[in-house]
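These are my notebook entries on a structure I examined strand by strand. I set out to record how its sheets are built and how its chains relate.

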There are 2 protein chains.
Amino acid sequence: MFVVLVYDMGEKRVTKALKRCRKYLNWVQNSVFEGEISESNLAKLKMELDKIIVTEEDSVIIYTLRTTRYSEREIMGLRKGGQDLII
Amino acid sequence: MFVVLVYDMGEKRVTKALKRCRKYLNWVQNSVFEGEISESNLAKLKMELDKIIVTEEDSVIIYTLRTTRYSEREIMGLRKGGQDLII
């Protein structure tokens with residue numbers, strides 16, 4: 001399945017969350033990740049994030065797409081992250 | 001078309017960008033918006049955001065989905081925003 005993941009984390013937890021997300025997905029932008037991921041890896045990722053997030057402060061949104069990819073992604077402004085896509 | 005929009009804006013410009021995005025899309029979470037939008041309205045929104053963003057600091061990502069909707073959206077942790085969905 002193809003997912004787009006966006007997080008909004010407290011500063012102290014960003015580095016940990018970034019590391020976990022990059023393990024399974026491509027880093028597109030600051031707080032946005034995407035990629036093909038198996039159901040079991042997505043479950044793993046969610047479990048790992050669950051341990052990091054403070055439910056009263058942080059949030060993670062995961063979009064699972066029906067198709068294998070979105071049809072278009074457009075970036076306006078700065079391209080933070082995104083290194084993963086070059087590799 | 002159905003789009004998911006994520007922005008990462010300097011604090012000073014967040015309120016303006018939020019206002020513009022809510023005009024056309026549903027506010028899902030802090031910096032995440034989604035919704036059905038016509039091509040011409042998307043063009044308008046992009047033009048409006050283009051006037052707000054500082055290209056060296058801010059970024060906006062727009063995913064256009066091939067299908068009318070994603071198949072699943074999961075939110076972990078805090079639900080900021082999202083008021084639009086209740087209406």
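The entries below follow the sheets, the helices, the relation of the chains and one annotation.

**Entry 1. Status of the model.** I note at the outset that this is a predicted model.

**Entry 2. First sheet.** I looked up the strand order and found an open sheet of five strands, β2(A)-β3(A)-β1(A)-β4(A)-β5(B), with antiparallel pairing. I then asked which strands stand at the edges. They are β2 (26-29) of chain A and β5 (72-77) of chain B; each has a single partner strand, so one side of each is left without a neighbour in the sheet. On average, neighbouring strands here are turned by 20 degrees against each other, direction ignored. As a general reminder, strands of a sheet pair through backbone hydrogen bonds, in either the parallel or the antiparallel sense.

**Entry 3. Where the chains join in this sheet.** I followed strand β4 (residues 59-65) of chain A to its partner from the other chain. Six bridges join β4(A) to β5(B), and the two run antiparallel. For Tyr63(A), I recorded Arg73(B) as the bridge partner in β5(B).

**Entry 4. Pairings within chain A.** How many bridges hold β1(A) and β3(A) together? I found five, in the antiparallel sense. Leu5(A) has Phe33(A) as its bridge partner in β3(A). Phe33(A) also stands opposite Trp27(A). β2(A) and β3(A) pair over three bridges, again antiparallel, and they form a hairpin with two residues between them. I also checked whether β3(A) is covered or open: four of its five residues are buried, and the strand is mostly covered.

**Entry 5. Helices on the first sheet.** I next asked which strands each helix of chain A lies across. Helix α1 (residues 11-24) of chain A lies across β1 (2-8), β2 and β3 (32-36) of chain A, and its direction is at about 175 degrees to β1(A). Helix α2 (residues 39-52) of chain A lies across β1 and β4 of chain A together with β5 of chain B, at about 25 degrees to β5(B).

**Entry 6. Second sheet.** I found another open sheet of five strands, in the order β5(A)-β4(B)-β1(B)-β3(B)-β2(B), with antiparallel pairing. Its edges are β5 (72-77) of chain A and β2 (26-29) of chain B; each has a single partner strand, so one side of each lacks a neighbour in the sheet. The twist averages 20 degrees from one strand to the next. Seven bridges join β1 (residues 2-8) of chain B to β4 (residues 59-65) of chain B, and these strands run antiparallel. Phe2(B) has Leu65(B) as its bridge partner in β4(B). Helix α1 (residues 11-24) of chain B packs on the sheet, touching β1, β2 and β3 (32-36) of chain B, and its direction makes about 175 degrees with that of β1(B). Helix α2 (residues 39-52) of chain B lies across β5 of chain A together with β1 and β4 of chain B, running at about 25 degrees to β5(A).

**Entry 7. Relation of the chains.** What operation lays chain A on chain B? A turn of 180 degrees with a shift of 0.0 Å along the axis does so, with an RMSD of 0.0 Å. That is the relation of a two-fold axis. The same surface serves both copies, since 100% of the contact residues of chain A recur in chain B.

**Entry 8. Annotation.** From the unreviewed UniProt entry I noted a "binding site" annotation that covers Asp8(A). I placed Asp8(A) in strand β1 of chain A.

Definitions and conventions: Residues numbered from 1 in each chain as written. Chains lettered and ligands numbered in written order. Predicted model: local features only at pLDDT ≥ 70, side-chain atom pairs only at ≥ 80, totals over all residues. Heavy atoms only, no water. Pairing = 2+ DSSP bridges. Axes fitted to C-alpha atoms, helices over the stretch in contact; angles between N-to-C directions. Contact = heavy atoms within 4.5 Å. Buried < 20%, exposed > 50% of the residue type's maximum accessible area, 1.4 Å probe, protein only. Least-squares fit on C-alpha atoms with pLDDT ≥ 70 in both. UniProt positions renumbered as here; feature names shortened; annotations may be inferred.
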